[in-house]
Amino acid sequence: MSADGKIAGSDRTQVRISGEEDMARVKELRRKYDAVLVGVGTVVADDPHLTIKGASYDENPVRVVIDPHGRMPAGSQVIDGRAPTVILTDSSCDTIWNNVNTVRCGTPFDLVRAMEALSELGIENVLVEGGGATIASFFEHGLVDRYTVFVGAMIIGGRDSPTPADGDGWIAGKGVPLKLKSAEILGNGVLMTYEVR
Ligand SMILES: NC(=O)c1ccc[n+]([C@@H]2O[C@H](COP(=O)([O-])OP(=O)(O)OC[C@H]3O[C@@H](n4cnc5c(N)ncnc54)[C@H](OP(=O)(O)O)[C@@H]3O)[C@@H](O)[C@H]2O)c1
């Protein structure tokens, strides 16, 4: 995120906040997880491929998209066949995508059931990369073990710019308590790692 706590521009489009060192860190981090997950808002805004450069189909983590209502465009890179992809939808969604495993997860969409479905597919750990609404929903459901954030040297500003935990938020005193495990300078920014208390 930026030094003022934003993860994209006020027009909700992608901003390069990370330097080379942090980009390399994220690449290595993806290797350590069975799956990399984003919400459909990130697919629509950024069209990420969520693969590791140079990795084969089997070496890549499974790409997972939470898309309850089937909003993901058919030409999205995340379903380009370069790595396995799982789409988690609401049970009422009848959208069909080619080359993906689509799992219907209740109506309304049930995040805990969705994580159980991933476990049944052999996925035991998930790196949630964003966006803000998705990360907030994982915190709301008590599904976060570790929260890692790189703070880059830039101000983005804007009351509507996305932040790492959007959604409805928590009223004063009800936020999620964290324990800082480490803080290190990485290029022109700081990498902070927290555990949920
Ligand atoms: N700087 C970074 O590292 C970074 C990383 C990722 C994203 N971003 C930025 O984040 C922004 C996108 O974030 P966003 O908050 O708008 O979208 P998002 O979190 O990517 O996706 C949110 C959507 O996903 C579905 N969803 C996710 N979790 C759900 C849950 N638990 N239950 C039900 N539905 C769920 C809902 O879709 P429906 O509305 O269809 O129900 C929801 O509206 C973009 O601006 C992008 O550039 C930045």
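## Terms and model

Helices (H or I, at least four residues) and strands (E, at least two) are DSSP runs, and their numbering starts from the N terminus. With that in hand, Leu127 can be placed in strand β5. Please keep in mind as you look around that this is a predicted model.

## Around the ligand

Let us start with the ligand. A shell of 27 residues surrounds it, and the closest of them are Ala8, Gly39, Gly41, Gly130 and Gly131. Two or more residues of this shell come from each of β1 (35-39), α2 (40-46), β5 (126-130) and α4 (132-140).

Which element gives the most to the shell around the ligand? That is α2, with five residues. By character, the shell divides into 12 nonpolar residues, 10 polar ones and five charged ones.

## Leu127 in β5

Strand β5, one of the elements that contribute to the ligand shell, is also where you will find Leu127. Is Leu127 buried or exposed? A residue counts as buried if 20 or more other C-beta atoms lie within 10 Å of its own. Leu127 has 20 such atoms within 10 Å, so Leu127 is buried.

Leaving aside residues up to four places away in sequence, Leu127 touches Leu29, Arg30, Tyr33, Val36 and Leu37. Two of these names, Val36 and Leu37, fall within the range of β1 (35-39). As for Val144, 17 residues separate this residue from Leu127 in sequence, and the C-alpha to C-alpha distance between the two is 9.8 Å.

## A sheet of three strands

Now for the open sheet, whose three strands follow the order β6-β8-β7 with antiparallel pairing. At its edges stand β6 and β7; each has a single partner strand, so one side of each is left without a neighbour in the sheet. On average, neighbouring strands here are turned by 20° against each other, direction ignored.

## How the strands pair

Strand β6 (residues 146-152) is joined to strand β8 (residues 189-196) by seven bridges. To follow this pairing on your screen, look for Val149 opposite Met192 in β8, and for Val151 opposite Val190 in β8.

On the other side of the order, eight bridges join strand β7 (residues 178-186) to β8, again running antiparallel. Here Leu180 has Tyr194 in β8 as its bridge partner. What lies between the strands in the hairpin of β7 and β8? There are two residues, and in this hairpin Gly187 takes a positive phi near 60°.

Conventions: Residues are numbered from 1 along each chain as its sequence is written. This is a predicted model: local features need pLDDT of at least 70, side-chain atom pairs count only at pLDDT 80 or more; totals for chains, interfaces and linings use all residues. A residue is near a molecule or strand if its C-beta atom, placed from the backbone, lies within 6 Å of it. Ala, Val, Leu, Ile, Met, Phe, Trp, Tyr, Cys and Pro count as nonpolar, Asp, Glu, Lys and Arg as charged, and the others, Gly among them, as polar. Two strands pair if DSSP finds at least two bridges between them. Axes are lines fitted to C-alpha atoms, for helices over the stretch in contact, and angles run from 0 to 180 degrees between N-to-C directions. A residue is buried if 20 or more other C-beta atoms lie within 10 Å of its own, exposed if 12 or fewer, and partly exposed in between; C-beta atoms are placed from the backbone. Two residues are in contact if their C-beta atoms, placed from the backbone, lie within 7 Å.
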